[in-house]
Amino acid sequence: MFSASRRILTANTAPRLGSGSTNARRNLSITNASPPRVRPRRALALTGAAFAGSILLGGATIFADSAELDQPELRTASLSSLVRAYAVYTMLSVPKLVDWSPAILNACLATPGLDVPTRAFVRRTFFGHFVGGESALDTVPLLEQFRAKNKGVLLNYSVEVDADAAIGHGNHSDAAESRPHKQLIEEIIRSIDVAADFEDQHGNGSRTGRRTWVALKLTALLPDVTALTRLSLHLLLTRPAPQTPVLFPGSPTSTDLDVLLADTLAHAPPGNSPLTQEDVQVLRALHDDLVRVCVRAQERNVRVVVDAEYSWYQPAIDAYAHALMERFNKVPRASSSSWVSKDSGSSTSTSVQQPLVYNTYQAYLRRTPEFLRDSLARADAGGYALGVKLVRGAYHSYEVAAHNAARVLPPSVFPSSSSSSASVFPDSKSKSDSAASHPHSSSISPDPEPPVWPTKPDTDACFDACAAVLVSRVARSIKGKQERGSATPVPVGVLFGTHNWASCDRVLEGLVGEGVARKEMVEEGGEHESSERGNGKEREVIVLPETVTELVAFGQLLGMSDALTDHIIHRTRSAAPCALKYVPYGALADVMPYLGRRAQENRSVLGDGGARLERKRAGAEIRRRVVGALMGL
């Protein structure tokens, strides 16, 4: 269901950001744990056969797949984009092809004569379908197309660290500004400016209704990613025990980053910590870079979303995200009992304090219900808005494999509340290095069970339960409703990142049930709808006022579950977009690992016939146009 392999982008020279560096393309490779050996020409033949077979083994394939489907939202799509979607999802419907995709790409890219056509093939298929462009500016036409349909965008520069940095061999003595991770920071700041300029051009100079956001992946933003693992280990050792226990990876506290903010390195890290002074320097620089990014986002009024990653990085990532929310999501205490206030630009409209920074909560982690409750309580106590991106998670099988492999190590190497740090980490540095450099022993969980739920239904239940809690809290913060013995709740902004139709419908119905949204009958073919629907009939929609759309949004990946995104838009009415597409961008050489993940790590999305359904949708529209053209002859 999820990938158990990890791809790392490598290049002999650092790629130029936002452009396709010739050297970066020439030296591209994707490493994979124990990949199958594939002969390049057979690999290319297999790739082509997957698509050609679906067509040639019966022109009936397109027609039989999709005869019953009718989707007016695809009527405006170009024929070339429909054919590309059909080709992509045909290939993703072949399990063996998905399993072997990293090895196939490695083999083809390493073979003279096949590397150029392989890049051209990937560019015209997977890159064109799942990536918004090579630079942030390149995505603007896509942003315009989406906004015309009342869709927002979450931009992400999808670049990973190189292999040496990933295993801790980064050179900390290099000139700081010449390092690739520093260039990434500058690119993120540029993407914030592109997002803000786009919103400003669309008349959104106010602080509300701005739906072009930016996502961050912290592992790409420092020269030695294993420093994050060692910070996570340090936090497991030093965090005070919470009143209500939270399973691994735990819950952040306001003192988590004190070790990085000490006046002198002599005071940090403590002698029993797995951190080194070099780690502290790197992690402190990351903190400073993140603050610079958030200051720019605050100046330009652009939301920032911190992506979740593997569990051995997550304690550190949570610590950074929590610190940023404490600083940048602070809510001024008003004299009224509600955080809802009059918009300065209108005598009638209302607005709410939307979070600037969002952290990602993975429902497949067993800690998430308690983690969410603890986060809400900390936000209320600290007086800052909590930003939540709720997702199911993308690394399930890898988490299970890493945890099970780590069980062969002596139990004394894992932290526990009853053991001293000396006994927990008899050789902390070697443990950290081993966990971070060996892909099958990365787990740092002290728990006997894996950190993830054992089954997909468990994850689904966790997601829906957390979503219900969040919907209730959104309603409380809008209405200023207090629970007995508690203060007025601070705002909670939520991005529901899900490809599950039932979950989205439950959230919408929950908003209606809480009394913050309402149902109305409207005529088909109204604003933001395809003219195909203008038939004079009425249908029911859920009206989302500004107070709701400022705090609630839905998100799906670019190129995936477009029918669900359109369903959300079709079922709702809102002045600002309530649905966002996660749009990665970057040069082909830079985003190749991201494309590999789309094939492997999102089987939770494409499973249960998801890829086949997407193929059917594209095929149905192709069939409609072909039949229409033939009938017109």
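In the predicted model, strands E4 (residues 212-216) and E5 (residues 304-306) run parallel and are joined by three bridges. Within this pairing, alanine 215 faces valine 305 of E5. Helix H12 (residues 314-328) packs on the sheet and touches E5, strand E8 (357-362) and E9. The direction of H12 makes about 145° with that of E8.

These strands belong to a closed barrel. Eight strands take part, in the order E3-E4-E5-E8-E9-E10-E13-E15, and their pairing is parallel. On average, neighbouring strands of this sheet are turned by 30° against each other, direction ignored.

Strand E10 (residues 492-497) illustrates the barrel wall in detail. In a regular strand, side chains alternate between the two faces of the sheet. Both faces of E10 are covered. Val492, Val494 and Phe496 are buried on one side. Gly493, Leu495 and Gly497 are buried on the other. The strand as a whole is mostly covered, with six of its six residues buried.

E10 has a parallel partner in strand E9 (residues 386-391), with five bridges between the two. Here leucine 390 has phenylalanine 496 of E10 as its bridge partner. E10 also pairs in the parallel sense with strand E13 (residues 552-557), over four bridges. In that pairing, valine 494 is matched with valine 552 of E13. Helix H17 (residues 456-479) lies across E9, E10 and E13. H17 runs at about 150° to E10.

The loop between E13 and helix H20 (562-571) holds leucine 558. Its relative accessibility is 8%, so leucine 558 counts as buried. Beyond its neighbours within four places in sequence, leucine 558 contacts ten listed residues from separate stretches of the chain, among them His129, Phe130, Val131 and Gly132. Leu142 and Phe146 are also in contact with leucine 558, as are Lys581, Tyr582, Val583 and Pro584. Leucine 154 lies 404 residues from leucine 558 in sequence, yet their C-alpha atoms are 9.6 Å apart.

Aromatic pairs number 12 in the model. In one of them, the ring centres of tyrosine 157 and tyrosine 585 are 5.0 Å apart. Their planes meet at 55°, so the pair is tilted. Tyrosine 157 belongs to strand E3 (residues 151-157) and tyrosine 585 to strand E15 (residues 579-585), so this pair ties together parts 428 residues apart in sequence. Both residues count as buried because relative accessibility is 9% for tyrosine 157 and 0% for tyrosine 585. Elsewhere, Tyr310, Trp312, Tyr313, Tyr395 and Tyr398 form one aromatic cluster.

Two arginines sit over aromatic rings. The charged end of arginine 367 is placed over the ring of phenylalanine 371, 3.8 Å from its centre. Arginine 392 has its charged end over the ring of phenylalanine 463, 4.3 Å from the centre.

Helix H9 (residues 180-201) was checked for its span. With 22 residues at 1.5 Å a residue, H9 should span 32 Å. The C-alpha atoms at its ends are 31 Å apart, which agrees. Just after H9, glycine 203 adopts a positive phi of about 80°.

How values were computed
Residues numbered from 1 in each chain as written. Predicted model: local features only at pLDDT ≥ 70, side-chain atom pairs only at ≥ 80, totals over all residues. Heavy atoms only, no water. Buried < 20%, exposed > 50% of the residue type's maximum accessible area, 1.4 Å probe, protein only. Pairing = 2+ DSSP bridges. Contact = heavy atoms within 4.5 Å. Phe/Tyr/Trp six-rings, centres within 6.5 Å; stacked < 30°, edge-to-face > 60°. Lys NZ or Arg CZ within 6 Å of the ring centre and 35° of its normal. Expected span 1.5 Å × (residues − 1). Axes fitted to C-alpha atoms, helices over the stretch in contact; angles between N-to-C directions.
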